[in-house]
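Biologist: I would like a close look at a single part of this molecule, taken slowly enough for a first-year student to follow. Could you choose one helix, describe how it packs, and then follow the connections outward from there?

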Amino acid sequence: MGLFNKIKNMFQTEEKKKEDFFDEKVEVFQEESKEEISREDSSKGNLKKQDDVKVYEKGLTKSREGFVSRLASLTHKYQKINEDYFEELEEILIMADIGVNTVMEFMDRLRDRVRHENIESPEELKEVIVDELFIIYVEDEVLSSKIKYNEDGPTVLLFVGVNGVGKTTTIAKLAHILKEQGQKVLLVGADTFRAGAVAQLNEWAERLDVSFYGKEEGADPASVVFDGVTRAVEDQYDVVLVDTAGRLQNKVNLMKELEKMNRVITSIVPGGPHETLLVVDATTGQNGISQAKSFQEITNITGIVLTKLDGTAKGGIVLAIKEEVGIPVKYIGLGERKEDLQVFDIEKYIYGLFKDMM
């Protein structure tokens, strides 16, 4: 059984395992919505799962209507697999921002499967394509989307990224999620060089009713972090979200600044920062990949937050990040609402991307 089929079965109930995944998924969601499940905790869990999948489905609409619809059209255009078919498929995948190197490797593997499995029909190859794209993400190693939380004291999450990618908004959305989970959250405004950045984060903290620590614009970022994390320890906060500057054009200064912050955090909370999350705007495509590579040279990036994925038809960037950068995607932004920041889930991603194709 192909990996994509395994994903389908994971989403099916025991009674429906032999039915088509996508039709069954809709039926289960509709039934869950109507049924008023007697146990409240179970009901909330099912509804949360339903809502999350719907967010993926809606948020990936542009990508699904873009390159996925082109893949479906390609299947109808050719009755038999030939070199023209492969060339058009290659172009579609490159246009989806999967990345040239990744696409070249993918095409070689696809040709091998066609040859060894004697596949002649594009219709038959359709599911193989989805399987192989899924394999790109999961092979070699398991890239965990889970945040590494500190079991002894506050968890410190450092956010980096160039200006304009949605870093501050992402911090606010994650603060909302954590607060909803019952966590005591502190926002620290260490982006003291961008005009209005500290005030913007403070405003978000007030809106969300979470705590904030910051200083005046131009203050030493490391001193802000020192005082903020110290407060977090003294007042027993669960999670500290630190906003930092994104002056990538001056790598040396930024590297020194981040190194100093890391030393400060470690001196107060051993093992911190527990995650350094790079925020990337999905709509920038390959430029976002370049940013990720540049930040890797500066500091230890442990995860990617991919924002504005709902605003691009090039959803393949998720695969390109894994192949070209090797950093796990931890969260994806699929809309403007606070609830639209989602923990990255490869199965929901595959479902949201390819549901119209299978």
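Modeller: Before we look, one definition will help: when the directions of two axes, each taken from the N to the C end, differ by an angle over 145 degrees, the two count as roughly antiparallel, whereas angles that fall in none of the parallel, antiparallel or perpendicular ranges count as oblique. The model in front of you is predicted, and it has 14 helices and eight strands, in a protein of 358 residues of which 52% are buried. Among the contacts between residues at least 6 apart in sequence, 74% join residues at least 24 apart.

The part I choose is helix α7, which covers residues 122–138, and I begin with its partner α14, residues 346–354. Two packed helices are described by the angle between their axes and the distance between the axes. For α7 and α14, the axes come within 11 Å and cross at roughly 150°. With the cut-off of 145 degrees in mind, you can see why α7 and α14 are called roughly antiparallel to each other. Their crossing is right-handed, and the residues that meet there are Val130, Leu133, Phe134, Tyr137 and Val138 on the α7 side, with Ile346, Ile350 and Phe354 on the α14 side. An α-helix has 3.6 residues a turn, so residues three or four places apart point the same way. With that in mind, look again at Ile346, Ile350 and Phe354, the residues of α14 that take part in the contact.

Helix α7 also meets helix α5, residues 83–95, and here the axes come within 14 Å and cross at roughly 35°. This crossing, too, is right-handed, and the contact is made by Tyr85, Leu89 and Leu93 of α5 together with Pro122, Leu125, Ile129 and Leu133 of α7. If you compare the two lists, Leu133 appears both in the contact with α5 and in the contact with α14.

From the α5 side, Tyr85 leads us to a group of rings. Tyr85 counts as buried because its relative accessibility is 1%, and Tyr78 counts as buried as well, at 14%. These two tyrosines form an edge-to-face aromatic pair, with 5.7 Å from centre to centre and 90° between the planes. Tyr85 also pairs with Phe86: the ring centres are 5.9 Å apart and the planes stand at 75°, so this pair is edge-to-face. Phe86, like Tyr85, is buried, and Tyr78, Tyr85 and Phe86 form one aromatic cluster. A charged residue joins the picture at Phe86, where the charged end of Arg111 sits over the ring, 4.6 Å from its centre.

Returning to α7, we find another neighbour in Thr75, a residue of helix α4, residues 61–77. Thr75 counts as buried because its relative accessibility is 8%, and, if we leave aside its neighbours within four places in sequence, it is in contact with Pro122, Glu123 and Lys126. Of these, Pro122 was also named in the contact between α5 and α7.

Finally, α7 is one of the elements against which the buried residues of helix α13 pack, the others being α12, β6 (303–307), β7 (329–333) and α14. Six of the eight residues of α13, which spans residues 317–324, are buried, so this helix is largely enclosed by the rest of the structure. Its buried residues are Ile317, Val318, Leu319, Ala320, Ile321 and Lys322, and the helix is followed by Gly326, whose phi is positive, near 75°.

Since α12 is among the neighbours of α13, it makes a useful last comparison. The axes of helix α11, residues 251–268, and helix α12, residues 286–298, come within 9 Å and cross at roughly 55°, and α11 and α12 are therefore oblique to each other. α11 passes α12 in a right-handed crossing, where Lys251, Leu254, Met255 and Leu258 of α11 meet Ser294, Phe295, Glu297 and Ile298 of α12. Set beside this oblique pair, the roughly antiparallel arrangement of α7 and α14 shows how an angle between axes is turned into a word.

Key. Residues numbered from 1 in each chain as written. Predicted model: local features only at pLDDT ≥ 70, side-chain atom pairs only at ≥ 80, totals over all residues. Heavy atoms only, no water. Phe/Tyr/Trp six-rings, centres within 6.5 Å; stacked < 30°, edge-to-face > 60°. Buried < 20%, exposed > 50% of the residue type's maximum accessible area, 1.4 Å probe, protein only. Lys NZ or Arg CZ within 6 Å of the ring centre and 35° of its normal. Axes fitted to C-alpha atoms, helices over the stretch in contact; angles between N-to-C directions. Helix = DSSP H or I, 4+ residues; strand = E, 2+ residues; numbered from the N terminus. Parallel < 35°, antiparallel > 145°, perpendicular 65-115°, else oblique. Left-handed = near helix turned anticlockwise from the far one by under 90°. Contact = heavy atoms within 4.5 Å.
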